[in-house]
Amino acid sequence: MKQLIVGIVIAFSCFGYNQNCTYTFLGELSDFHDGTPIISATIYIKEHDKYLVSDFDGKFKIENLCSGVLNLTISHIGCETKTVSYVIKGDTHKAIQIEHHIEELNEISVTGNTSKKETKTAQETVLKANTLKKYSALNLGDALKEVSGVSSINTGNSIVKPMINGMHSSRLLILNNNVRLQDQDWGIEHAPNIDINSADQISVIKGSGALAYGGDAIGGVIVVNPIRIIRKDTLYGRTIIGGQSNGRGYNISSTFNRSYSSGWFANIQGSFKQNGDFRAPDYNLTNTGLKSHAFTMNTGKKKFESGFEVFYSYLDNEIGILGASHIGSTFDLERAINSGQPSLINDFSYDINAPKQEVTHHLAKASYYKRFKNFGKINLQYDYQNNQRLEFDVRIGDRRNIPAVDLKLQTHTFLADINLDANLNRRINFGIMGRFQDNFANPDTGVRRLIPDYEKYDFGAYTTAEWQISDDLIFDAGLRYDFNRIDAKKFYLKSRWEERGYNVDFLNIILEEFPTQLLTNPVFNFHNISASAGIKYNINDSNQIIFNYSLASRPPNVSELFSDGLHHSAARFELGNLRFDQEIANRLSASYAFNSSKFSLLAEVFYSRVNDFIYLRPFDFILTNRGPFPLWQYQQTNAELFGIDVTATYNLTDALQWQNKTAFIKGYDLETDLPLIDMPSFNTTNQITYNNEAWYNFSASLKSEWVFEQNEFPDFNFEIEDQLTGEITLIDISTPPPAYHLLHLYNEATFSFTEKTNLKVALSINNILNTSYRNYLNRLRYFADDLGRNITLQLELNY
């Protein structure tokens, strides 16, 4: 037996000794994008525990290899580390492509204070996660006010519509994870359907320089991005719990993220908010509660060469509208304006009654990308949105629970684009877009439909290019064409049809005639050209200037064309106009940025000329079966807007910082030489912040907010006669409220439990002095003051 064992051992020893270990492996490293050699890359040979470096041609040689598996780990500055395996059966030559310039291509997940901008030469500001988390209990419009030049037009305090340099609604594009939001954005009282807790970064782009997103962004683009994917094995999450004194509100949000080094990932996020009646300094704001549910998930696989993502978001909001804002006639409005306080003040309640909104929004997206060597990247995306909007008026009898407005908007969109990024000094993008929308206005509401049934078809094609002329100079330009077709079915009262002169201009669109009304089929086709060009120059390490020109074309939206009825949630009668042309905007902007260790300054100026500018203005009153109501009509004119936004920061000491944000804007109707309605007044904020990292990363800030009285406004006041008494009453619908000053306090500290687990505790007080005020851009300013003091406690657990 011993002799047999010895024989076996000798045999195996001889086999190992005679194994051929004379093979050579020749590797050649090149850039995936343009094929250039990768010089001085480090190659680690696992089997030999040995390192090599690639030569000037990107080549390396490994000699005296045996048959078997060869594992190599390749790393290089500016590249993602790559591991490859080969089976060695003889002399072997392999060409290996690695993703050089991956940092420039923004494919590595960024955290901390690093942020990725969407544009090069537009006026863009990025809000990062640390800022957004402060607004967990609020909404998108509130968070965006962190940007100088961004305000909001409100319906109370829960319906907050972003406004960029005086423009809002259809003039702003809002994207949620690269999906353009389609949620009946034409209404001032229609807030964006996005849960702020699902956002990890938001880019605010002023003007229409981001042509890839759309050509009709006359006011700007808001890009909401979820958390970026980290391609490594990791599991982490965050839970935020908050409570607010004003409205006795509470909220909770949780986020869980799982990713793998293989590229697979999955994220899930959910949130819930509820508030009861809010309170002004001197009284309750009855029926202003809010209940919100939101859910977001995405999963997929992300590698450098290819990847896909499936994304879904859901938002369900029930929003009460101030009970006192429900009016039965213009005389009720006059009494509200002159009374100084709401006509309806009840005890606090969590109940949400009519008037109110119930809005549900579903968004689903599937996307895929593929990179090709020496070429670039192809992206494909399909998304579907379903927006259901119910607006409840105060009604009696069997219809008390039937909405006065019931709209369902479904949208299908397909996107495809090609990014030619092989040459980082010259990048070119091409893209196309196709979209179909179907809007159904439920006829069973018992109310004349404000917006008709319609189908909308959109097609767009664009190209953009970026040239890195030198290390300090970048030039970019773009061109876009969009085609829009609206095919509607709408009933008109014969009296309105003739009053508007449509019986002369639109005889050919009548489908059927009834005793008192006409069924019509308006079809509109719009051809739109948009363009942009910009330049960014770094004067030196501290000074930078940007110049940009943009041309934008926006077709009229369905509200501007077809509105014809009582808009109950707005308590006014609105009239559109079938004769409107598209808006054409030319915008010039310039920015100057200075940065040093102690002081930073950003000054942004702009001038915008908009031909055929469409706006909604109070006109007179109209008699309905409920009495006289304010009549608001859409008008078209030529307009100009100009202004300046300033952000300045000064480090007084290592621990103490001062910051100022100031915005000034003016807008004029060039045909009537009147100021434009609903323009933000001059406003400025000053903030002092104290930081002490050694004491639980503590920070405290005191903010002073000054909003000046709007001293330039159009006088659209009108008079109405009381049919019973013959008395003439002036309806002062135009005069802005006086200026106001508010103080706010914010404190936070972070307590670490383990290396990866910490708790951030934040305490804030808004309107510290409980000041009574009214904002010119709040549609409910006729009926009540804005919010009084609000104390918020927020706990953020990161794990």
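**View 1. Helix α4 and its buried residues.** In this predicted model, helix α4 covers residues 330-339, and T330, F331, L333, E334 and A336 in that stretch are buried. Here's a handy thing to keep in mind while you look: residues three or four places apart point the same way, because an α-helix has 3.6 residues a turn. Just after α4 comes G340, and the phi of G340 is positive, near 90°.

**View 2. The whole chain.** What is the chain built from, in helices and strands? There are seven helices and 46 strands in the protein chain. Its radius of gyration is 31 Å, and the globule rule gives 28 Å for 799 residues; those values are close, so the chain is as compact as a globular protein of that length. Along the principal axes, the C-alpha trace spans about 125 × 65 × 65 Å.

**View 3. Three domains.** The chain splits into domain 1 (2-98), domain 2 (123-223) and domain 3 (237-249 + 333-356 + 395-798). How many ångströms separate the centres of domain 1 and domain 3? Taken over C-alpha atoms, the answer is 61 Å.

**View 4. Inside and contacts.** Of the 799 residues in the chain, 54% are buried. Now pick out the contacts between residues at least 6 apart in sequence: 65% of these join residues at least 24 apart.

**View 5. Surface and charges.** About 35,300 Å² of the protein chain is exposed, and 55% of that comes from carbon and sulfur atoms. As for charge, the chain carries 74 positive and 90 negative side chains. The centres of those two sets sit 7 Å apart.

Notes
Residues numbered from 1 in each chain as written. Predicted model: local features only at pLDDT ≥ 70, side-chain atom pairs only at ≥ 80, totals over all residues. Heavy atoms only, no water. Helix = DSSP H or I, 4+ residues; strand = E, 2+ residues; numbered from the N terminus. Rg over C-alpha atoms; globule rule 2.2 N^0.38 Å. Buried < 20%, exposed > 50% of the residue type's maximum accessible area, 1.4 Å probe, protein only. Contact = heavy atoms within 4.5 Å. Areas by Shrake-Rupley, 256 points an atom, 1.4 Å probe, with all protein chains shown as cover. Lys, Arg positive; Asp, Glu negative; His and termini not counted. Charge placed at Lys NZ, Arg CZ, Asp CG, Glu CD. Domains from an automatic or database assignment.
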